[in-house]
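Q: I am new to this structure and would like a close look at a single part, the contact between chains. Please take it slowly, and then set that part against its surroundings.

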Amino acid sequence: MRYLVFIVLMGLTWSCETEIDVVDESGSVPVVYCILNQDDTIHSLRLSRSYLTKNAQNPPVSIDSLVVKGKVNITIETVENSQVLSENRLLPYPISKDSGFFPSDLQWIYQANFKMKVNTLYRLIIEIKDWDYVAYSSIQSLGDFDLVDPGYPEARKIHLLDDHNPLIHWTRSQNAAVYQVGFRVHFKEIRGDQSQDKSIIILLTTAFYRNDPGAFYTYSINSNFFYKRLAESIPVDNTLLRQFINTDVFVIAGSESIGFYLNAQEKQDPFQFFDYKNLINGQGVFGSCKTKETKGFKIDDQSLDSLAYGSYTKQLNFLDSDGHRKN
Amino acid sequence: MKSLFYAFLTLALVACDIIDITPDGKVNNPAEPVGTLVADFPITHTWLPTNKIIRTDLHIALNAYEMYKGDYIQSANVIDSQQKYSFFLPPGSYYLEASIACLCEGDSCSAGGFPGNKWGQKHASYTFTIVEDETTEVLIRFLK
């Protein structure tokens with residue numbers, strides 16, 4: 001009996017661990033950003049991992065704290081009727097990262113080449129061999145939709161003045177929760193006898209819609225807002241002249257996860273922003289987006305003159321509807 | 001305490017948006033008087049399917065010469081799903097210019113009365129008068 005008590009006491013003593021590992025490697029989880037572009041066949045995923053910090057104030061002690069090392073298997077499965085139709089392996093894709101906050105030549109990006117279908121289930125599986133760990137997520141890809149207005153750039157010019165705001169109409173994309181509406185403005189920069197074509201994206205709105213609009217969603221472009229955004233996006237340079245070429249109009253539909261992410265970003269709510277994820281056993285966002293675009297709209301003469309001499313954009317030195325610049 | 005009261009009173013007076021109301025109770029709006037033009041722009045055609053004809057232009061000019069030069073005072077962004085377009089204008093006489101384009105392939109557009117083939121356009125112009133606080137309606141039609 002005395003031996004038994006002694007053995008139990010020895011067992012209890014040995015099983016007690018007196019050191020607490022404050023930097024527990026097993027506490028790290030994968031951090032994933034993967035937005036599938038349904039209009040492209042190249043799909044990228046960024047993989048990093050969480051690290052220990054205090055009130056999100058301390059940067060990681062070394063780059064090793066952010067990179068998932070060792071063998072990692074990343075797969076995106078196409079699922080239809082509960083059957084896996086195809087498995088697409090994402091392979092390490094070497095990139096030379098610029099000198100950002102965490103400059104590193106270590107592996108961050110994985111890529112795969114496959115064509116996506118609309119309204120189809122895609123399942124992401126990340127297997128980290130060294131951790132004996134699996135993180136996963138799934139999304140329903142977005143349905144097709146149409147950009148209704150503006151249309152027919154061959155015959156219609158856009159009038160960008162506040163007497164009649166241009167309207168953007170688009171139909172609903174199934175499974176989408178957010179839409180971004182914007183212009184891609186093409187212009188020429190002329191310095192002496194040299195000219196260079198340039199483009200700039202003007203994002204006009206981010207709209208969170210889930211309801212069925214019936215026919216289509218509507219966004220009315222405030223012309224002053226457009227010129228203001230354009231003036232904020234193009235640097236003033238008095239040594240050159242600019243000539244408007246044309247503009248493309250686009251609508252990007254985003255999945256529920258992107259909608260939630262953008263919403264949190266817009267509200268500037270750090271708790272909602274950091275807490276949001278749609279990955280099991282991980283942090284980050286897995287989603288998809290789809291773009292509809294109509295290219296090559298001219299703007300009418302009155303709008304060209306407003307671009308050249310309007311209060312917001314006159315310093316940008318755009319030529320007017322006659323191809324002149326009056327100072 | 002009294003100085004605090006005056007400070008609040010001053011702030012309240014400065015912050016108030018004073019509205020100028022005329023003796024007969026109307027708000028005195030410094031903006032110039034306007035009337036409304038409603039341009040009714042239906043798509044109709046005798047020989048061509050109407051879904052192959054689109055509205056392309058709808059402009060208001062001060063006179064025929066300005067209209068000819070393309071110096072419009074207002075323009076609408078015409079679309080397929082909207083037939084009526086409103087313009088708010090000071091009282092006076094104006095010119096309206098509207099155009100449509102044909103989208104048919106082959107020689108259907110020219111056979112249907114449009115100049116040229118696909119993207120051939122027809123134009124129509126009207127004069128109208130705007131009276132303060134009244135609505136003038138113009139029905140746009142194109143020659144066959």
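A: In what follows, two residues are in contact when heavy atoms of theirs lie within 4.5 Å of each other. The model is a predicted one, and everything below should be read with that in mind. Counted in this way, the contact draws on 17 residues of chain A and 21 residues of chain B. Within chain A, the residues that lose the most area to chain B are A:Tyr152, A:Arg156 and A:His164, and together they account for 40% of what that side buries. The area buried between chain A and chain B comes to about 1,400 Å², with carbon and sulfur atoms giving 52% of it.

The polar side of this contact can be described as well. Across the interface of chain A and chain B there are 9 residue pairs in polar contact, both residues of each pair being at pLDDT 80 or more. The number of salt bridges between the two chains is 1. In it, the side chain of A:Arg156 meets that of B:Asp80, with N and O 2.6 Å apart. Side chains of opposite charge can pair when their charged atoms come close. A:Arg156 thus appears twice in this account, once among the residues of chain A that lose the most area to chain B, and once as a partner in the salt bridge with B:Asp80.

On the side of chain B, B:Gln74 offers a useful place to pause. This residue belongs to strand S3 of chain B, which covers residues 74-75. Leaving aside residues up to four places away in sequence, B:Gln74 touches A:Asp163 and A:His164 in chain A, and in its own chain B:Leu58, B:His59, B:Ile60, B:Phe87, B:Phe88 and B:Leu89. B:Gln74 counts as buried because its relative accessible area is 12%, which is under the 20% that marks a buried residue. Its side chain also reaches the backbone oxygen of B:Phe88, at 3.1 Å.

Behind this contact stands the rest of chain A. The chain has 5 helices and 14 strands, and 41% of its 327 residues count as buried. Among the contacts in chain A with a separation of 6 or more, 68% are between residues 24 or more positions apart. The area that chain A exposes is about 18,300 Å², and carbon and sulfur atoms supply 51% of it.

Salt bridges give some examples of how distant parts of the sequence come together, and over all chains the structure holds 19 of them. In one, A:Lys290 pairs with A:Asp39, the closest N and O atoms being 3.3 Å apart. A:Lys290 lies in strand S14 and A:Asp39 in the loop between strand S1 (30-37) and strand S2 (42-49) of chain A, so this pair ties together parts that are 251 residues apart in sequence. The two partners differ in cover, since A:Lys290 is buried at 9% relative accessibility, whereas A:Asp39 is partly exposed at 42%. Strand S14 also holds A:Lys292, while A:Asp144 sits in the loop between strand S7 (133-140) and strand S8 (147-149), so their pairing links parts 148 residues apart in sequence. The side chains of A:Lys292 and A:Asp144 form this salt bridge at 3.2 Å, N to O. Here both partners are partly exposed, A:Lys292 at 21% relative accessibility and A:Asp144 at 46%.

A local pair makes a helpful contrast. A:Lys228 forms a salt bridge with A:Glu232, their closest N and O atoms being 3.5 Å apart. Both residues lie in helix H2 (residues 223-233) of chain A, and because they are 4 residues apart they are separated by about one helical turn. A:Lys228 is partly exposed, at a relative accessible area of 37%, and A:Glu232 is exposed, at 54%. Elsewhere in the chain, A:Arg184, A:Asp248 and A:Glu293 are joined into one network by salt bridges that share partners.

Helix H2 also has a part in covering another helix. In helix H5 (residues 301-309) of chain A, the buried residues include A:Gln302, A:Leu304 and A:Leu307. The cover over the buried residues of this helix includes H2 and strand S13 (241-255) of chain A.

The surface of chain A deserves a last look. A:Val134, A:Tyr136 and A:Ile280 make a nonpolar patch of about 250 Å² there. A:Ile280 lies in the loop between helix H4 (270-275) and strand S14 (283-297), and with a relative accessible area of 43% it is partly exposed.

Note on methods. Residues are numbered from 1 along each chain as its sequence is written. Chains are lettered from A and ligands numbered from 1 in the order in which they are written. This is a predicted model: local features need pLDDT of at least 70, side-chain atom pairs count only at pLDDT 80 or more; totals for chains, interfaces and linings use all residues. Side-chain values use heavy atoms; hydrogens and water are left out. Patches are made of residues with over 30% relative accessible area and no salt bridge: like charges are joined within 9 Å, nonpolar side chains (Val, Leu, Ile, Met, Phe, Trp, Tyr) within 5 Å. Accessible areas come from the Shrake-Rupley method with a 1.4 Å probe; for residues, only the protein chains shown count as cover. A salt bridge is a side-chain nitrogen of Lys or Arg within 4 Å of a carboxyl oxygen of Asp or Glu. Helices (H or I, at least four residues) and strands (E, at least two) are DSSP runs, numbered from the N terminus. Buried means under 20% relative accessible area, exposed over 50%, partly exposed in between (1.4 Å probe, protein chains only). Buried area is the accessible area (1.4 Å probe) that two parts lose on being put together, summed over both. A polar contact is a pair of N or O atoms within 3.5 Å; within protein, one must be able to donate a hydrogen and the other to accept it, and residues adjacent in sequence count only if both atoms are side-chain atoms.
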